[in-house]
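Here's a protein model to explore together. Have a look at the sequence and the 3D view, then read on.

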Amino acid sequence: GEMGMKLSAIQYKPPKAQTQVARAELLNLVERSAKMGADIIVCPEMAVSGYVFDSPEHIRPHTERADGPTSQALAKIAKAYKTWIVCGIAEEASDGTLYNSAVVLSSKGDLVTCYRKIMLYELDETWCAPGTNRMLIHTEFGSMAPAICMDLNDNELIYWMWRTKPDILAFCTNWLNQDSPIDAYWKQRTPYWDGWFVGANRWGVDVNTPFRGESAIISPLKETVVQAGIEGDAVLLWDTNT
């Protein structure tokens, strides 16, 4: 945690069920961030598939393996620019089980892990299984924990963060628009933890569900240092030395 770093959150709305189009657009935003010198880049939950699916059959054509095309493409950027990347995917495991996951690529371009969302939201329960393992990943900038959306409402995560003290929470989300600023709630959920919160959200509407945007980077002092608007793709970047 002592070392300065450039943190980045990507705000992006994927076109529904058009994974190839979405992947190209997302990679463009990620590369923009990497070119600006980001050390850790966080992308939204289910960043290339869209979020609302009513069954496993409905989503399965848009799922991928942890080491599938999204990871492979992100790994190239991670390696070329020496940046860590955390990105939400709809994952199909080797046994066919579906998960709402986040892949973590190291600054060497390695797939370090695939975190599977533990606390599911009702819109996840239509198609995926819950994960079971929390992860603390060691980076050259301190320890980083991936988490996905509803996980933040899980008191077990809050207790775990209090015990393990990650320097960075890489938070991939599709946070709903409930007509109140989300950064206030994100701060409220993490009162006893003083790390960097990097929240990457989608925006717009998927089926009938509206999302909030307002991706944000929140400092250990609970200051929102940079935040995106409610609408629009965005690349947020913050140098922790400032």
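How many disulfides does the count come to? The count comes to 0 disulfides. Keep in mind that this is a predicted model.

Let's check two of the cysteines. Here is where each one stands:

| Cysteine | Closest cysteine sulfur | Relative accessibility |
|---|---|---|
| Cys-87 | Cys-43, 4.1 Å | 0%, buried |
| Cys-114 | Cys-172, 10 Å | 15%, buried |

Why is there no bond between Cys-114 and Cys-172? Their sulfurs are 10 Å apart, which is too far for a bond. Cys-87 is in no disulfide either: the sulfur of Cys-43 is 4.1 Å away, and a disulfide needs the two sulfurs within 2.5 Å.

Now for the inside of the protein. In soluble globular proteins, nonpolar side chains tend to be buried together. In this model, the largest nonpolar core has 44 residues, and Ile-40, Leu-152, Leu-169 and Trp-186 have the most contacts inside it. Strand 8, which covers residues 168–173, gives the most to this core, with 5 residues.

Try clicking on Ile-40. Leaving aside neighbours within four places in sequence, its contacts include Met-5, Leu-7, Trp-84, Phe-141 and Ile-168. There is also a second, separate core of 26 residues, with Tyr-12, Ala-38, Ile-89 and Val-235 among them.

Last stop: a hairpin. Strand 12 (residues 216–218) and strand 13 (residues 224–227) run antiparallel and are joined by 3 bridges. Ile-218 stands opposite Thr-224 in strand 13. Between the two strands of this hairpin lie 5 residues, and Lys-222 takes a positive phi near 65°.

Definitions and conventions:
Residues numbered from 1 in each chain as written. Predicted model: local features only at pLDDT ≥ 70, side-chain atom pairs only at ≥ 80, totals over all residues. Heavy atoms only, no water. Core = buried A, V, L, I, M, F, W, Y, C linked by side-chain atoms within 4.5 Å. Buried < 20%, exposed > 50% of the residue type's maximum accessible area, 1.4 Å probe, protein only. Helix = DSSP H or I, 4+ residues; strand = E, 2+ residues; numbered from the N terminus. Contact = heavy atoms within 4.5 Å. Pairing = 2+ DSSP bridges.
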